[in-house]
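User: I am new to reading protein structures and would love a close look at one part. Could you take me through the aromatic residues, and then show me a little of what lies around them?

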Amino acid sequence: MTITAEKPLVKIEGLHKYYGHHHVLRGIDMTVNQGEVSVVIGPSGSGKSTMLRCVNLLESISAGRISVGGQLIGYREVNGRLHDLKTKEIAAQRREIGMVFQRFNLFPHKTALQNVMEAPVHVKGQSKAEAQKRALELLDRVGLGDRAGHYPSQLSGGQQQRVAIARALAMEPELMLFDEPTSALDPELVGDVLNVMKDLAKSGMTMIVVTHEIGFAREVGDTLTFMDGGVVVESGDPREIIANPQHARTKEFLGRVL
Amino acid sequence: MEHPHRAEAPVLNKSVPVRHPGRWISAVIILALVAVFLQSLFTNPNFRWDIVGTYILDVKVVQGVGWTLLLTVTSMALAIVLAILLAFMRQSDNPVFRWSSWVWVWFFRGTPVYTQLVFWGLIAVLYPKISAGVPFGPELFSLDTASIVNATVAAILGLGLNESAYLAEIFRAGLKSVDKGQMEAAEALGMAKGKIMWRIILPQAMRVIVPPTGNETIGMLKTTSLVLAVPFTLDLTFATNALANRTYLPVPLLIVAAIWYLVITSILMVGQHFIEAYYGKGVDNLAPAAVNPAAAKAAGAGADVKHSMKTDFPEESAR
C-alpha cells in the first residue's frame, strides 16, 4: 500500500451524541487520511457504531463537527453560525460516502444486480446499460458475477454482504464506512467478506471499519482506535496497540477478544 | 453391529396409523346436511329457478353488473390514490400534514358511509354553485354544482372518500412493516425521500397491503349496493330489486344478484392472487437459500454421486 501524502479526508472534532439525557459519545476526535484504513474496536455500547453513523448523518450530531473531504457534514457555516442542510443537500453528501451495514439491508424485492444498479440509475441518472455493465463488473470483483440474477433471500449471509459492498461501491464513493460487517455472519462466511474488504483497502479506498475482527485490524489497518464509554481510549498503529496496549481497559478488552 | 450392506436401502417403518373416528362422523353429518340443502334447492318450487334463468342475463341486470363494476373500480382507484397520499402525509416531518391526515381518517371513518352518500347526493343543495376566486374578493369563474356532481360522481366520491380512510390505515400499517434498515440503506446511497418511498419502501409494503386491500375491494363491491342513498339507480342491487318489485318474485331475483356478486368476487380473488405473487417476488415464492455453502456443496456432490452411479450401471435402468 502506498500512501503518497498525509491528506486528511475525514476529520471528527469534539463529537458528542445525546439520546435524550443519555450521553453516548463524549467528545470524539479522530482523523482519517486519504487511502487509510481506520479500524475502530471496543465493547458493545462503547459508541463506535453511533460514531460511524454520525459520519453519514444516519444519526444527528449533538455537538462537534465532522468534515469529509473538507466539507462540513450536515451543516453550512455562515458567519460562525451553523445552519442545517436541506434533505437534498444531505443526500448529496451521502452519495460520496458508502455504507455497509451489519444486517446487510439489501433490498429484498430486487435481484443482486438490481440492488447494485439502483443508486447509479436512480440517483446519479446513469443509463441502464452503463449501470448494468458497471454493476456486473462490481459483482465480479466481489466474486458474485454468477449470482447477479439471485434475490437476496437466495444468497448466503456472506454473499449478501458482498453484494452490499458492491452496491455501496457502485456510487464510487470517496469513503467507505463498515458497521460491524461480519458480526451477523456464520464464522465460515466471515473470510470471504474480509477478503473483499482487504482487496478494497489495497486499491486505495479510504475506509472506517467498526469491527470485532482483531486479525483484520492487525493485517489491514493503518490505524486502530479503541473506544469505551463514548470516548477514544487509545489510538495508533494497530500492531503496536494489539501487541502492547497502553491502557488497562484496552488490555482487558483485547484479553477477552483475542 | 456391523452393516455389511450399507448401500442397500433401509426397510421403511410400517406403523399402524392413529384412527380418527371423529373425522368420519363429522363428514357424515356435514354431507347429510349438504344433501338436504341441495335436495331443497332442486325440489322447493319457491326458488323459481326458471325465473332465475330468465333474468340472469336480462339487459337491466347485465347493465347493473357493469355499473356496479364501474363504481367499485373507480371508487377503489380514488381511494387508493388518496390513501397513499394520506399514509405518506401521516409519516411526514411536516406536522400540518400529519395532523390533516389524522383528521381526515377520523372524520371519514367516524361517520356512516350511508350518511356520506346522502350528503354527496345533497351537495348541490348545500353549494348550488362552485366558484373560484379570491376569498371575499372578485370571482374568477363559477359552475353549477349539479352539472359536475351528478349521481355517478356523487356515488364515486361518497364511496371513494369513505374507503380512503380505511385504506390509509392499511397503507400506514404496511409502510410501518418495512424494516428500518431499508430506509437507512437507501438514505446512505443518497436517494431522495420520494424515490425511497416509491422504489424501496412502498413495493415492500405492498406485500402487507395487498391482502387486506383485496378484502376491502370485495367489501366495496357489495357496499356499492348502498348508492341508492345518493340516489343512484343503475347498480346491480337496485336493478334486481326493481325487477323483483315488478314481478312480485323477490327470492329468484335475490339469487340472480347473489350469483353475479359471487362471480365478480371470484374474478377479483384471481386478480388478487396474481398481484400478491407480483409483490411477493424475492421474498415469498423462492426456495430458501443454502445458508451454509459447504452443505450446499455436499448436497451438490451427493447429486453428482447419484448421477455417476446411474451411469455406472446403465443396464440396471435398461432392465
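Is Phe119(B) buried, partly exposed or exposed?

Analyst: Happy to help! Please keep in mind that this is a predicted model. Phe119(B) has a relative accessibility of 40%, so this residue counts as partly exposed; the buried class ends at 20% and the exposed class begins over 50%.

Its partner makes a nice contrast. Phe119(B) forms an aromatic pair with Trp120(B), and Trp120(B) is buried, with a relative accessible area of 16%. A pair of aromatic rings is described by two things, the distance of the centres and the angle of the planes. For Phe119(B) and Trp120(B), the centres are 5.8 Å apart and the planes stand at 80 degrees, an edge-to-face arrangement.

Now let us look at another pair. Searching the whole structure gives 9 aromatic pairs over all chains. One of them joins Trp104(B) and Phe108(B): the ring centres are 4.7 Å apart and the planes meet at 40 degrees, so this pair is tilted. Planes have to be over 60 degrees apart to count as edge-to-face, and under 30 to count as stacked. Where do these two residues sit? Both belong to helix H4 of chain B, which covers residues 95–110, and they are 4 residues apart, about one turn of the helix. Trp104(B) is partly exposed because its relative accessibility is 27%, whereas Phe108(B), at 11%, counts as buried. Phe107(B) joins in as well, making one aromatic cluster with Trp104(B) and Phe108(B).

Stepping back helps to place these rings in their chain. Chain B contains 14 helices and 2 strands. Of its 319 residues, 32% are buried. Among the contacts in chain B with a separation of 6 or more, 74% are between residues 24 or more positions apart. There is also a special backbone feature to find: a cis peptide bond, with omega at about 10 degrees, links Val230(B) to Pro231(B). Pro231(B) is part of the loop between helix H10 (193–223) and helix H11 (236–247) of chain B.

Chain A is worth a visit too. Leu175(A) lies in strand E9, residues 175–179 of chain A, and has a relative accessibility of 0%, so Leu175(A) counts as buried. Beyond its neighbours within four places in sequence, Leu175(A) is in contact with several residues, including Leu9(A), Val55(A), Ile97(A) and Met205(A). Take Met205(A): it is 30 residues from Leu175(A) in sequence, yet their C-alpha atoms are 6.8 Å apart in space.

In the loop between E9 and helix H6 (187–202) of chain A you will find Glu180(A). Its phi is positive, about 45 degrees, although Glu180(A) is not a glycine. Glu180(A) is buried, with a relative accessible area of 11%. Asn105(A) is another non-glycine residue with a positive phi, here about 55 degrees. Asn105(A) sits in the loop between strand E8 (97–100) and helix H3 (112–122) of chain A, and at 8% relative accessibility it counts as buried.

Finally, try finding two helices of chain A that cross. The axes of H4 (residues 128–141) and H5 (residues 157–169) come within 9 Å and cross at roughly 140 degrees, which makes H4(A) oblique to H5(A). The crossing is right-handed. H4(A) contributes Arg134(A), Leu138(A), Leu139(A) and Arg141(A) to the contact, while H5(A) contributes Val163(A), Ala166(A) and Leu169(A). By class, that contact has 5 nonpolar residues, 2 charged ones and no polar ones.

Key:
Residues are numbered from 1 along each chain as its sequence is written. Chains are lettered from A and ligands numbered from 1 in the order in which they are written. This is a predicted model: local features need pLDDT of at least 70, side-chain atom pairs count only at pLDDT 80 or more; totals for chains, interfaces and linings use all residues. Side-chain values use heavy atoms; hydrogens and water are left out. Axes are lines fitted to C-alpha atoms, for helices over the stretch in contact, and angles run from 0 to 180 degrees between N-to-C directions. Angles under 35 degrees count as roughly parallel, over 145 as roughly antiparallel, 65 to 115 as roughly perpendicular and the rest as oblique. A crossing is left-handed if the near helix is turned anticlockwise from the far one by less than a right angle, and right-handed if clockwise. Contact means heavy atoms within 4.5 Å. Ala, Val, Leu, Ile, Met, Phe, Trp, Tyr, Cys and Pro count as nonpolar, Asp, Glu, Lys and Arg as charged, and the others, Gly among them, as polar. Rings of Phe, Tyr and Trp (its six-membered ring) pair if their centres lie within 6.5 Å; planes under 30 degrees apart count as stacked, over 60 as edge-to-face and the rest as tilted. Buried means under 20% relative accessible area, exposed over 50%, partly exposed in between (1.4 Å probe, protein chains only).
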